[in-house]
Amino acid sequence: MDPILRVENLKVHFPVTQGVLFKRQVGTVKAVDGVSFTLNRGETLGLVGESGCGKSTTGLAIMKMLPASDGRILFDGEDLAGFKGQRQKQFRRSVQMVYQDPFASLNPRMKVRDLIAEPLEVHGMAGDRQAVQTRVSELLDMVGLLPYMADRYPHEFSGGQRQRIGIARALALEPSLIVCDEPVSALDVSIQAQVVNVFMELQRTLGLSYLFIAHDLAVVRHISDRVAVMYLGRIVEIATRRQLYASPLHPYTRALLSAVPVADVETERRRQRIVLKGEVPSPMNPPSGCRFHARCPMAMPQCHNDDPPLRDRGDGQMVACHLAE
Ligand code: SF4
């Protein structure tokens with residue numbers, strides 16, 4: 001194993017303020033509250049959970065777009081917190097992000113050529129006009145678009161094509177890690193698979209590592225080597241794709257999986273949806289004990305007080321649940 005990214009007990013907390021000039025702190029939103037995982041080189045780790053569980057905040061902290069309140073993030077074995085000057089610039093090139101809404105993330109007044117060339121210029125890697133032209137064409141080709149498209153504006157493209165432009169832009173600086181924040185969630189189901197295939201092909205040819213954030217398990221199934229499931233600021237289960245989809249251990253993972261339609265007609269007919277009671281509690285006041293206890297169909301008295309740690313069962317599958325102890 002060769003970790004490119006190691007996240008250790010990451011916490012991202014936001015103060016909640018009130019009063020004149022919002023100076024009085026009245027609480028803390030614990031958006032990410034003790035998350036640890038490793039992403040190996042060339043691997044895709046799916047990070048899944050309902051909206052508000054902290055998965056996108058985790059992605060933004062990895063990008064250094066949000067400060068960590070506690071814990072460490074190591075990139076290539078080095079703590080991000082210590083990156084300054086040249087090392088910081090190098091990091092900004094090596095780690096890129098692809099966003100959920102390609103339309104919002106692309107400046108509508110810029111031609112595709114300029115959108116893709118912009119990061120090269122910002123990092124002083126553009127070269128002359130001809131070199132930019134060649135590199136833009138190469139990047140368009142890598143994501144399945146044609147060279148003449150460089151002269152068009154984002155609104156002239158479909159959602160799937162716009163996301164391909166977003167990917168080309170992320171690739172411009174030759175990153176080794178891409179944080180993909182819900183990159184296919186805004187697309188039609190029929191287009192999602194095509195864009196996921198683009199990601200997979202690029203990984204095969206360029207050896208990229210992906211942290212692939214999504215809100216449902218159906219989307220990450222095809223692309224992930226391993227999957228981490230988040231609930232209320234914590235990871236509740238991490239497993240290989242095979243382990244997670246064949247034998248999920250955490251009741252929350254089981255509930256999420258029960259909502260995923262199955263291709264086989266007979267299995268689909270027998271599929272029983274686990275409907276969770278109540279809403280996700282506020283990250284300002286997470287419940288005591290197991291954070292999932294108020295919604296868990298398997299909750300026991302112990303779960304109200306004892307917070308189950310994320311434990312490795314010995315086969316790489318890690319789960320935070322008293323039932324799996
Ligand atoms: Fe449910 Fe208890 Fe397991 Fe939490 S620890 S998931 S409440 S059984």
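Which residue in E12 is the bridge partner of Arg-311? The legends below, drawn from a predicted model, begin with the strand pair that holds this bridge.

**View 1. Strands E11 and E12 pair in the antiparallel sense.** The bridge partner of Arg-311 is Val-319, in E12. Two bridges join E11 to strand E12, which covers residues 318-319.

**View 2. Eight strands form an open sheet with mixed pairing.** The strand order is E6-E7-E8-E3-E9-E10-E12-E11. The edges are taken by strand E6 (95-98) and strand E11 (311-312), each of which has a single partner strand, so one side of each is left without a neighbour in the sheet.

**View 3. Phe-75 and Phe-91 make an edge-to-face ring pair.** A search of the whole structure finds seven aromatic pairs. In the pair shown here, the ring centres are 5.5 Å apart and the planes meet at 80°; because an angle over 60 degrees counts as edge-to-face, the pair is assigned to that class. Phe-75 belongs to strand E4 (residues 70-75) and Phe-91 to helix H2 (residues 85-94), so the pair ties together parts that are 16 residues apart in sequence. Is each ring residue buried or exposed? Phe-75 has 1% relative accessibility and therefore counts as buried. Phe-91 is likewise buried, with a relative accessible area of 1%.

**View 4. Phe-83 joins the aromatic cluster and lies beneath a charged group.** Ring pairs link Phe-83 with Phe-75 and Phe-91 into a cluster. The charged end of Arg-87 sits over the ring of Phe-83, at 4.3 Å from the ring centre.

**View 5. Ile-167 is one of the most connected members of the largest nonpolar core.** This core contains 61 residues, of which Ile-167, Phe-199 and Leu-217 touch the most other members. When residues up to four places away in sequence are not counted, Ile-167 touches Val-98, Val-143, Val-195, Val-198, Phe-199 and Leu-202. A second, separate core has 30 residues, including Cys-53, Leu-80, Met-97 and Val-179.

**View 6. Residues 5-257 carry a domain annotation in UniProt.** The unreviewed entry lists this range as "domain: ABC transporter". Over residues 5-257, helix accounts for 38% of the chain and strand for 28%. The end C-alpha atoms of this range are 27 Å apart.

Key
Residues are numbered from 1 along each chain as its sequence is written. This is a predicted model: local features need pLDDT of at least 70, side-chain atom pairs count only at pLDDT 80 or more; totals for chains, interfaces and linings use all residues. Side-chain values use heavy atoms; hydrogens and water are left out. A nonpolar core is a set of buried Ala, Val, Leu, Ile, Met, Phe, Trp, Tyr and Cys residues joined through side-chain atoms within 4.5 Å. Buried means under 20% relative accessible area, exposed over 50%, partly exposed in between (1.4 Å probe, protein chains only). Contact means heavy atoms within 4.5 Å. UniProt positions are given in the numbering used here, feature names are shortened, and annotations may be inferred rather than shown by experiment. Helices (H or I, at least four residues) and strands (E, at least two) are DSSP runs, numbered from the N terminus. Rings of Phe, Tyr and Trp (its six-membered ring) pair if their centres lie within 6.5 Å; planes under 30 degrees apart count as stacked, over 60 as edge-to-face and the rest as tilted. A charge sits over a ring if NZ of Lys or CZ of Arg is within 6 Å of the ring centre and within 35 degrees of the ring normal. Two strands pair if DSSP finds at least two bridges between them.
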